[in-house]
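Morning. I have one model to go through, and I will keep to what can be read off it.

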Amino acid sequence: EKLVRMADLDLKNQSKADQEALIERLQKGIAMRTAGGTNLYLMTYRDPEPEKAKRVIQSMVSIFVESGMGASRKDTDSAKSFLAEQIKIYEARLEEAETRLKEFRLRNIDRQGADGRDVASRLSEISTQLEAARLQLREAERSREAARRQLAEARGQVPSTALPNLLAVPQAIPAGALATPEIDARILDQRRNLDGLLQRYTDQHPDVLNARRLIADLEEQKRREVAELQRRAQAAANAAAAASASRTATSPGESLAVQEMSRMLATAEVQVAAMQARVDEYGSRMAQVRQQMKTAPQIEAEAAQLNRDYAIIKKNYEDLVARRQAAVMSGELDVATGVADFKLIDPPRVSPRPASPNRMLLLPGVLFASLALGLAFTFAATQVRPTFGSGDELRQKTGLPLLGIVSAII
C-alpha cells in the first residue's frame, strides 16, 4: 500500500476492489533475485508503460533505503520540514513589512533630507544656511554703501571736461549662484538609492522605474525653483540698477573713474539683490519645515513602529534560517557517521528495447496467422453466400430458366 501511494498508482482506482487487484498485481509482478553475491539484489518489474515501471522500482528502492534510517534521522527531517514551513511564513511577513516600510518612505519622501535626516535636523541646517545668507547679505549691503560713498566723493572732484558717461547695465544672474541645497540633497539621496536598486534588480523593475521617476520630478522641481529665484533676483537687480542709474546720471562731462565706480555700484546692487533672494528663499523653507514639525511626532512614531516590526521579523527570519542550516548539518553528520542498511548500487533504468514479446518470432507468426485467417474467412464467405461465374452455371445449379444477364461496363 505504501508503494502504491508513493508511485501514484492509485490515481485511477475507483473502489477497494481495484486497490486490492492492483496490490495483487504488484506482488506478482515485482521480482527480486540475487545478483552476483549474497548482499546484492536485483529488482525488476514489467509494465506496458516504461515510466510507470521505473517509478515503481524507484519507489521500492526508496522504501528499502528509508527503512534503514534511524529515529533521529526521521526527527531531523521532521524538524527541517517544520523549519521550512516557518521560514516561508516569516519570509512572507518580511516582504509585507518591507513593502509597508517602502510605502511609508514614498509617502513621506518630501520630509526626508539627505541621509534620511529628520525634520529637526533639516530645520537646524536651514537655520544655519539662513544665518549665513543673512551675513552675506549684510556684507553685500555694506559693500554697496561703500561704493555709493566713493561714487559721491568722486563726483565732487570731477571736472566738467571729462569723458562721456556710460550707464551701467545690470548683469544676468547665473544659475550657479542660486543654490537649492535641500533639493540637491534629495536628488543625491535618490541617485544613491537607484544605484543600490540597480545592483539587485533590472532596469524594468517597478522600484527602479519609481526611483527614476522621483529623480526626474525632483530635477524638474529644481529647475522651476532656480528659474523663480533668477526671476526674483533679476527683477530686484533691474530695479536697483535703474535707481543707481537715475542717481548717477549727470552731464556728459564725467570722468572714467566715476564711470567705473558706477559699474561697481551696479554690481553691488546685483549682489545685494541675489543675496536678498537667497535669504527670502531660506526663510520660506524654514516656514515650511516649521509647519511640518507639527505632524513630525506622529510620523516619527509611525516610522519607529514600522522599523521595530521590521527588525523583529527580520531577526526571527534569520534565526530560523540559521536553525535550518544547523539541522541540515546535523542530518548530514548522522549520515556520515552511521551505516545504512541498504545502499543503491545501480539506479533504476528502463531498457531501450521492450522485454516482451519477441518481435522476431511475433512478426512471422502474425503473417502466417493473418494469411490463414484470410483464407478461412474467404472460404466461409463463399459457403454462406455463394457466387456464380456464368449464366449456364446459375441455370444448372438452380434449375430455373435464365431470362437475361445485365453486364457492368466500367
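Let me begin near the end of the chain: which backbone nitrogen does a side-chain oxygen of S390 reach at the start of helix α11? It is the backbone nitrogen of E393, and the oxygen comes to within 3.4 Å of it. Helix α11 covers residues 391–398. Just after α11 there is G399, with a positive phi of about 75 degrees.

Before I go further, please keep in mind that this is a predicted model.

Now the overall layout. The protein chain has 11 helices and 2 strands. Along the sequence the order is α-α-β-β-α-α-α-α-α-α-α-α-α. There are 410 residues in the protein chain, and 26% of them are buried. If you take the contacts with a separation of 6 or more, 75% are between residues 24 or more positions apart. The accessible surface of the protein chain is about 28200 Å², and carbon and sulfur atoms account for 56% of that.

Next, the interior. In soluble globular proteins, nonpolar side chains tend to be buried together. Here the largest nonpolar core contains 16 residues. L3, V4, L9, L26, I30, Y45 and V56 have the most contacts inside it. Three helices each give at least two residues to this core: α1 (2–6), α2 (16–29) and α3 (50–66). The largest share is that of α3, with 6 residues.

To see how this core is put together, look at V56. Which residues does V56 contact, once its neighbours within four places in sequence are set aside? The list is L3, A7, L9, L26, I30 and Y45. Apart from that core lies another one, of 12 residues, including L130, L137, M275 and V279.

While we are at this end of the chain, there is a backbone detail at D8. D8 sits in the loop between α1 and α2. Its phi is positive, about 55 degrees, although D8 is not a glycine. With a relative accessibility of 42%, D8 counts as partly exposed.

On to charges. How many salt bridges does the count come to? The number is 16. I will show three of them.

The first on my list is K16 with E20, where the closest N and O atoms are 3.8 Å apart. Both belong to helix α2, and because they are 4 residues apart, about one helical turn separates them. As a reminder, an α-helix has 3.6 residues a turn, so residues three or four places apart point the same way. K16 has a relative accessible area of 54%, so it is classed as exposed. E20 has 40%, and is therefore partly exposed.

Then E131 with R134, a salt bridge at 3.6 Å from N to O. These two are in helix α5, residues 119–156, and they are 3 residues apart, again about one turn of the helix. Is this pair buried, exposed or in between? E131 is partly exposed at 43% relative accessibility, and R134 is partly exposed at 37%.

The last pair is E269 with R144, with the closest N and O atoms 3.3 Å apart. This one links distant parts of the chain: E269 is in helix α8, residues 256–292, R144 is in helix α5, and their positions lie 125 residues apart in the numbering. Why is E269 called buried? Because its relative accessibility is 3%, and the cut-off for buried is under 20%. R144, at 16%, is also under that cut-off and so is buried. The pair does not stand alone: salt bridges with shared partners join R144, E145, R148 and E269 into one network.

Finally, the outside. L367, F368 and L371 make a nonpolar surface patch of about 330 Å². L367 is in helix α10, which runs over residues 359–384. L367 has a relative accessibility of 47%, so it counts as partly exposed.

To recap the charged part: K16 and E20 pair up within helix α2, whereas E269 and R144 connect helix α8 with helix α5. That is what I have for today.

Conventions:
Residues are numbered from 1 along each chain as its sequence is written. This is a predicted model: local features need pLDDT of at least 70, side-chain atom pairs count only at pLDDT 80 or more; totals for chains, interfaces and linings use all residues. Side-chain values use heavy atoms; hydrogens and water are left out. A nonpolar core is a set of buried Ala, Val, Leu, Ile, Met, Phe, Trp, Tyr and Cys residues joined through side-chain atoms within 4.5 Å. Buried means under 20% relative accessible area, exposed over 50%, partly exposed in between (1.4 Å probe, protein chains only). Contact means heavy atoms within 4.5 Å. Patches are made of residues with over 30% relative accessible area and no salt bridge: like charges are joined within 9 Å, nonpolar side chains (Val, Leu, Ile, Met, Phe, Trp, Tyr) within 5 Å. Accessible areas come from the Shrake-Rupley method with a 1.4 Å probe; for residues, only the protein chains shown count as cover. A salt bridge is a side-chain nitrogen of Lys or Arg within 4 Å of a carboxyl oxygen of Asp or Glu. A polar contact is a pair of N or O atoms within 3.5 Å; within protein, one must be able to donate a hydrogen and the other to accept it, and residues adjacent in sequence count only if both atoms are side-chain atoms.
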